[in-house]
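Please open the model in your viewer with the protein as a cartoon and the ligands as sticks, and follow the selections below in order.

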Amino acid sequence: MPSEPANAAPARIPRHLAVIMDGNGRWAERRRRPRIIGHRAGARAVNVCIDFCIARGVQALTLFAFSSENWGRPEDEVGALMKLFLNALEREVEELDRRGVRVRFIGERERFSEKIRERMAAAERQTRNNTVLHLSIAASYGGRWDIAQAARSLAAEVAAGTLAVEAIDERLLASRMSLAELPAPDLFIRTGGDTRISNFLLWQLAYTELWFTEALWPELDAGLLQTALDDFASRERRFGLTGAQIALAQPNETVE
Ligand code: IPE
Ligand code: IPE
Ligand code: MG
């Protein structure tokens, strides 16, 4: 590997990476296998992604595992996914904890079985003090659900007389959204070839850099993730300002 010049600017690594892990079903169908085989292969790719983030110093990773709309899939696929989810919760949490990963879940938990909800809460409790990587799993999650639940929490305070309507602004609503304690995602990756958001983090992605690949999620490897990071590092994020204004700001400074 060529050595970098001594005065090279530090590579821009996203602090927060958000990923739509798409293409599991097609990966299996191309092999004439049931879709659930693709979901199993997808679970392995999750570990590739986590390893990569830890190795490259990405501090927060948010993975879209199951959307609000995915509940509408055929019953046997939803059932198999729930089983896989439960297995992963039983198998992976020890190792994630050992590696310093803090695990959290975002989404409408009430829709999951009692057993899954208990495992989710246990995983969060067990890993709560870890700081190496902040992993958020979006499950039964929808960006519209997220905005609605944030609005509902503010409305409840107004109804209780503890919040004035005039006090509601973007900052206050943002404070009630999922992931409020993290910086907004710097980079978004979607595998599977479709170029849409599919009701992922609608609010939080306002100024996120978007990156799409034809590769299917089970095909993920470190080389592909590095290509996305290299592309990210070459982009100029302007946040609505002019290029000249951005050039005057400190390198890596977030202008928001
Ligand atoms: C993503 O893969 C995983 C989930 C949505 C649970 P898909 O199951 O959507 O795979 P494709 O898009 O049908 O190939
Ligand atoms: C988005 O993928 C949701 C997840 C990856 C969990 P979908 O496969 O559900 O999205 P659409 O239906 O292609 O938009
Ligand atoms: Mg899909």
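## The pocket and its two ligands

Begin with the lining of the largest pocket, whose residues divide into 24 nonpolar, nine polar and twelve charged. Please keep in mind throughout that this is a predicted model. The volume of the largest pocket is about 1,000 Å³, and among the 45 residues that line it, Met21, Asn24, Phe64, Ala65 and Phe66 are the closest to its centre. Colouring by secondary structure will help here, since the elements that give two or more residues to the lining are α1 (24–30), α2 (35–56), β2, α3 (75–98), β3 (101–106) and β4 (133–141). Of the contributors to this lining, α3 gives the most, with ten residues.

**Select ligand 1.** Ligand 1 sits in the largest pocket, and the elements that give two or more residues to the shell around it are α1 and α2. The largest share of that shell, three residues, comes from α1. If you display the surrounding side chains, you should see Met21, Asp22, Gly23, Asn24, Gly25, Arg26, Arg35, His39, Ala65, Asn70, Arg73 and Leu81. Sorted by class, the shell around ligand 1 holds three nonpolar, five polar and four charged residues.

Which polar side-chain atom lies 2.8 Å from an oxygen atom of ligand 1? It belongs to aspartate 22. Moving to arginine 35, you will find an N or O atom of its side chain 2.9 Å from an oxygen atom of ligand 1, whereas at glycine 23 it is a polar backbone atom that is 3.4 Å from an oxygen atom of this ligand. Switching on a surface view is useful at this point, as the protein covers 87% of the 370 Å² of accessible area that ligand 1 has on its own.

**Select ligand 2.** The space taken by ligand 2 is again the largest pocket. Around ligand 2, show Ile20, Met21, Asp22, Phe64, Ala65, Phe66, Asn70, Arg73, Arg190, Arg196 and Ser198. Which element gives the most to this shell? That is strand β2, covering residues 60–67, with three residues. By class, the shell around ligand 2 consists of five nonpolar, two polar and four charged residues.

Now turn to the oxygen atoms of ligand 2 and draw the distances to the side chains beside them. Serine 198 places a polar side-chain atom 2.6 Å from an oxygen atom of ligand 2, and arginine 196 places one 2.8 Å from an oxygen atom of the ligand. At asparagine 70, an N or O atom in the side chain is 2.9 Å from an oxygen atom of ligand 2. With the surface displayed once more, consider that ligand 2 taken alone exposes 390 Å², of which the protein buries 78%.

**Finish with both ligands shown.** Select Met21, Asp22, Ala65, Asn70 and Arg73, which are among the residues around ligand 1 and also among the residues around ligand 2. Within this selection, the side chain of aspartate 22 has its polar atom 2.8 Å from an oxygen atom of ligand 1, while asparagine 70 makes its 2.9 Å side-chain approach to an oxygen atom of ligand 2.

Terms used:
Residues numbered from 1 in each chain as written. Chains lettered and ligands numbered in written order. Predicted model: local features only at pLDDT ≥ 70, side-chain atom pairs only at ≥ 80, totals over all residues. Heavy atoms only, no water. Near = heavy atom within 4 Å. Polar contact = N/O pair within 3.5 Å; in protein donor to acceptor, adjacent residues only side chain to side chain. Areas by Shrake-Rupley, 256 points an atom, 1.4 Å probe, with all protein chains shown as cover. 1 Å grid on protein atoms, 1.4 Å probe; cavity = no way out; pocket = protein on both sides within 12 Å on 5 of 7 lines; lining within 4 Å. Sits in = over half its atoms within 2 Å of the grid points. Helix = DSSP H or I, 4+ residues; strand = E, 2+ residues; numbered from the N terminus. Nonpolar A, V, L, I, M, F, W, Y, C, P; charged D, E, K, R; others polar. Points joined across faces, edges and corners; volume = space filled by probe spheres on them.
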